[in-house]
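Biologist: Could you walk me through this one? I'd like to hear the reasoning behind the labels, not just the labels.

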Amino acid sequence: MKLVFLLLLSSFSAHAYLSYGDGSDDCNWSTNKELDKAVWNCASINIANGVQITVKSTVTDPIQLRSQGDVTIEGDIIVSASGSGPGPGGSAGGSCAANSSCTLQSASGSTGGEGGGGTGGTVNGDFSGLIANGGGGGGAGLAVNGSAGTAGTGGTGGDGAGGSAGSSFISASTLSTTLQGGIGGGAGGHGVDESGAANYATGGNGGNGAGSIAIIAKGTITLSNTGSISAVGTSGTNGGTAGTSFGGNGGGGSGGAIYIVTNSSLSVSSTNINISGGGANTTNSPSNAAGGAGSDGLFRVDTPDGAITGTFAGATPTQSTTPTGITDPVSSGSSGNRYESDIEASCTYKAGDEGLLALQFLFSFLGLFLVLGLFQQDKLRR
């Protein structure tokens, strides 16, 4: 019954995604590595000096590097967005088709952090030389609000309004329960030059949101001065031109989240941490209305006593204590959830199926009690 109770308790832990893993993956990387999955269950983690760890574009969830042993990072881990797409777990910015009407093209999602799209310029009638310029896209929010895009100016028609800023919607305290990727910025609105027929100046695309990463170790974590971890959003792209009209520039995507958790100790030697949001795009402003800046990301470090040895370069972490109840599929040592049972060591379960396993144990015990009850009734009859 004690085993069942502990399994049920861990199944409903507030920190369910946090795990030290089962140690089944080899994470000793001495050459550049492109991660092809989101969750790595490492025996230990060693990233050599000069090695870059990047992520394939097909990986759409935040990265989790789980370690049963020690972690040493001397190289670079990159979960940043790029011009071609968001980082792992991040979302893309709003987009505009070339030479087409584009207005209020916000980034996708439903967090409230999405950058708002700029409004396209408008002209009424068919008057030679009448122009209108599009508004810039709004920057994405994450830990703080993004920045709004600026309105189009200088047109002789109806210039477009700037896109709204994305709002803040998470904080460092939420990282132990939810690992959220960065958010995309809004697209710029189109400009229009009407000379007998509509001629659209392309609105710039919104910047992409960075990915996020959690490093969760039962052992010690050592980060050297040659190492870095980056979760950076991109700026929006430039608006186009058509005749004498201008499309608005895109808004920036937000930075992502970096969460480092150890059940032992953390030693840092000026390791560079970068969680910057995509900057405001002021290219050719004010003709092309400026896109707003995206929010910076989040950086949190948890150790058993809330302290670290050394200092980071770049971002300063929010410091807290290591959450209790981190899942530990390999329950040896002095950390994690230790269960007392007669189950053989070769009996394993798939990470993430703790709730199902608990129910299986529960039904097994109920079946045992039923058999014992029938046996007792048989004894009484005899």
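**Reasoning about an aspartate and its strands**

Modeller: Sure. Bear in mind that this is a predicted model. Let's begin with aspartate 76: it touches Ile47, Val51, Gln52, Ile53, Thr226, Gly227 and Ser228, leaving aside residues up to four places away in sequence.

Biologist: Where does aspartate 76 sit?

Modeller: In strand E7, which covers residues 76-78.

Biologist: Why is aspartate 76 said to have no salt bridge?

Modeller: A salt bridge needs a side-chain nitrogen of Lys or Arg within 4 Å of a carboxyl oxygen. For aspartate 76, the nearest side chain of opposite charge is lysine 33, and that is 17 Å away. So the 4 Å cut-off isn't met, and aspartate 76 is buried with no salt bridge.

Biologist: What makes E1 and E3 a pair?

Modeller: Pairing takes at least two bridges. Strand E1 (residues 25-29) and strand E3 (residues 39-47) have four, in the parallel sense, so they pass. One example is aspartate 25, whose bridge partner in E3 is cysteine 42.

Biologist: How do you know that E3 pairs with E5 and E6?

Modeller: Same test. Four bridges join E3 to E5 (residues 63-67), running parallel; there, valine 39 has glutamine 64 as its bridge partner. With E6 (residues 71-73), E3 has three bridges, again parallel, and isoleucine 45 is matched with valine 71. The bar is at least two bridges, so both count as pairs.

Biologist: And what does the whole chain look like?

Modeller: It has two helices and 21 strands, and 49% of its 382 residues count as buried.

Key: Residues numbered from 1 in each chain as written. Predicted model: local features only at pLDDT ≥ 70, side-chain atom pairs only at ≥ 80, totals over all residues. Heavy atoms only, no water. Buried < 20%, exposed > 50% of the residue type's maximum accessible area, 1.4 Å probe, protein only. Lys, Arg positive; Asp, Glu negative; His and termini not counted. Contact = heavy atoms within 4.5 Å.
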